[in-house]
Amino acid sequence: MTVRRLAVAALTAVTAAGALSGCGGEENWATKCGTTNMVVECAAAERPLVSGVTGELLDGAAYDLEADRGKVVVVNFWGSWCAPCRAEADDLEKTYQATKDSNVTFLGVNTRDDRDSAKAFERGYHVTYGSVYDFEGRVGLKFDVTQSAVPSTLILDRQGRIAAAIRRSTTNGELQPLVERIAAEAVG
């Protein structure tokens, strides 16, 4: 019985390691970074560059991440159907309002949702930053978010690299200091 339990434990560990590293055994960017309490923080040399992110905002306008290069960009993946997303909405908006004068912008990525429900969510929770409509999850792939949970939040530095990721809901008390620290980094 003990040998069987060890075999099951070993198989479980191998399976979990594979799931954390991404599909097909490829190494995911987050494995090179430190993780504490589902918050991933990457040293500058380990930060992956994000490019090619475009989409249509819920209001119909086009979005291109390249237009925000030079800013810290906080990207939140959400859905109107997601209870933790509703719980964190006010905290995200508070952090946005508190940091936008530091050349920080926010982008929502609405996933697996219908457009009308997503718009109603933004109105109901007084979300003032834009959200890309991404029903099929293609925008998430551009961020190399292979194990994306909803909600989750990425913080891109001014060079467009992923500096931090929060793989669960967040609060203003957790998010704002992290955003402010990344915004205060020297460019280069």
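In this predicted model, the axes of helix 2 (residues 83–99) and helix 5 (residues 172–183) come within 9 Å. They cross at roughly 30 degrees. Angles under 35 degrees count as roughly parallel, so helix 2 is roughly parallel to helix 5. The crossing of helix 2 past helix 5 is right-handed.

The contact between these two helices draws on residues from each. Helix 2 contributes Asp91, Leu92, Lys94, Thr95, Ala98 and Thr99. Helix 5 meets them with Asn172, Leu175, Gln176, Val179 and Glu180. In class, the contact is mixed: 4 of its residues are nonpolar, 4 are polar and 3 are charged.

Helix 2 also borders internal space. The structure holds 2 cavities of 30 Å³ or more. The second largest of them encloses about 60 Å³. Its lining consists of Asn76, Trp78, Cys85, Glu88, Ala89, Leu92, Phe121, Glu122, Val127, Tyr129 and Ser131. Strand 5 (72–78), helix 2 and helix 3 (115–124) are the elements that give two or more residues to this lining. Helix 2 gives the most, with 4 residues. By class, the lining of the second largest cavity has 7 nonpolar, 2 polar and 2 charged residues.

Leu92 links the two parts of this description. In helix 2, Leu92 is among the residues that meet helix 5. Leu92 also lines the second largest cavity.

Notes: Residues numbered from 1 in each chain as written. Predicted model: local features only at pLDDT ≥ 70, side-chain atom pairs only at ≥ 80, totals over all residues. Heavy atoms only, no water. Axes fitted to C-alpha atoms, helices over the stretch in contact; angles between N-to-C directions. Parallel < 35°, antiparallel > 145°, perpendicular 65-115°, else oblique. Left-handed = near helix turned anticlockwise from the far one by under 90°. Contact = heavy atoms within 4.5 Å. Nonpolar A, V, L, I, M, F, W, Y, C, P; charged D, E, K, R; others polar. 1 Å grid on protein atoms, 1.4 Å probe; cavity = no way out; pocket = protein on both sides within 12 Å on 5 of 7 lines; lining within 4 Å. Points joined across faces, edges and corners; volume = space filled by probe spheres on them.
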